[in-house]
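Here is a short, friendly tour of the model in front of you. Keep the sequence and the 3D view side by side as you read.

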Amino acid sequence: MAFLLKSMIGNPLSGMGLGGGGDKEEDETPKDPAKAAGMTREEYEEYQKQLVEEKMERDADFLHKKAERATLRVCLRDKYRLPKSEQDENMIEMAGDDVDVPEELLKMVDEDATEEEGKDSIMGQFQNLQNMDMDQLKEKASATVTELKTKAEEKCSVM
């Protein structure tokens, strides 16, 4: 509670900048970042090099993953005949030529393609016809026709 009161009220002259006690904190902090981290200069430089190298490695991995995703999107756009994206093409160019789509994703795309080819073929259409229940189709068609007739009779005074 005393801390709260002291921080709220504080020293009334400290906020005016009259050269009060604010300089003590600045004098106590060392100007050398290596000393502030508790390391020697050489250790600090090595640490900074490691940080930069790790960041570059993470950025390269991230760029590679983004390029893989862009490659997959390009494959899917080609498959479904969608318009190409310049952003994806630029991403692939930035990553270089060594970008491949992961094998698992390629397998999934290939499986989808074979399933769709089967559905698009004439034999696939015949199988769909065989699986349909003709009686059910006739009932649906007759129900739709009667529904249309009743709606037309309600709206049209001539009928």
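## The buried side of α5

Which residues of α5 are buried? They are D88, M91 and A95, where buried means under 20% relative accessible area, exposed over 50%, and partly exposed in between (1.4 Å probe, protein chains only). These residues lie on the same side of α5, because they cover an arc of only 60° around the axis; the arc is that of the directions from the helix axis to the C-beta atoms. In general, an α-helix has 3.6 residues a turn, so residues three or four places apart point the same way.

Turn α5 around and you meet E86, E93 and M94, exposed residues on the face directed away from the buried side. E89 also belongs to helix α5, and with a relative accessible area of 33% this residue is partly exposed. Between the C-alpha atoms of E89 and R73 there are 9.9 Å, while 16 residues separate the two along the chain. Just past the helix, G96 has a positive phi of about 100°.

## Ground rules for the model

This is a predicted model, in which local features need pLDDT of at least 70 and side-chain atom pairs count only at pLDDT 80 or more, while totals for chains, interfaces and linings use all residues. Residues are numbered from 1 along each chain as its sequence is written, and side-chain values use heavy atoms, leaving out hydrogens and water.

## The overall fold

The protein has eight helices and zero strands. Helices (H or I, at least four residues) and strands (E, at least two) are DSSP runs, numbered from the N terminus. Along the sequence the pattern reads α-α-α-α-α-α-α-α.

Of the 159 residues in the protein, 9% are buried. Among contacts with a separation of 6 or more, 51% join residues 24 or more positions apart; a contact means heavy atoms within 4.5 Å.

## How α4 and α5 meet

What do the buried residues of α5 pack against? Their partner is α4. The two helices pack at an angle of about 135°, and their axes are 8 Å apart. Axes here are lines fitted to C-alpha atoms, for helices over the stretch in contact, with angles running from 0 to 180 degrees between N-to-C directions. This makes α4 oblique to α5, since angles under 35 degrees count as roughly parallel, over 145 as roughly antiparallel, 65 to 115 as roughly perpendicular and the rest as oblique.

The crossing of α4 past α5 is left-handed, a term for a near helix turned anticlockwise from the far one by less than a right angle, with clockwise being right-handed. On the α4 side, the meeting residues are L63, K66, A67, A70, T71, R73, V74 and R77. Facing them in α5 are D88, M91, I92, M94 and A95.

## The largest nonpolar core

Five residues form the largest nonpolar core: A67, A70, M91, A95 and V99. Such a core is a set of buried Ala, Val, Leu, Ile, Met, Phe, Trp, Tyr and Cys residues joined through side-chain atoms within 4.5 Å. Two or more of its residues come from each of α4 (41-79) and α5 (86-95).

Setting aside neighbours within four places in sequence, A70 touches D88, M91 and I92. T71, in helix α4, is buried, with a relative accessible area of 14%. With neighbours within four places again left out, T71 is in contact with I92, V99 and V101.

## Two more places to look

In the loop between α4 and α5 you will find R81. Although not a glycine, R81 has a positive phi of about 55°. R81 is exposed, its relative accessible area being 75%.

Farther along, A113 sits in helix α6 (residues 103-120) and is partly exposed, with a relative accessible area of 22%. The C-alpha atoms of A113 and K79 are separated by 8.2 Å, with their positions 34 residues apart along the chain.
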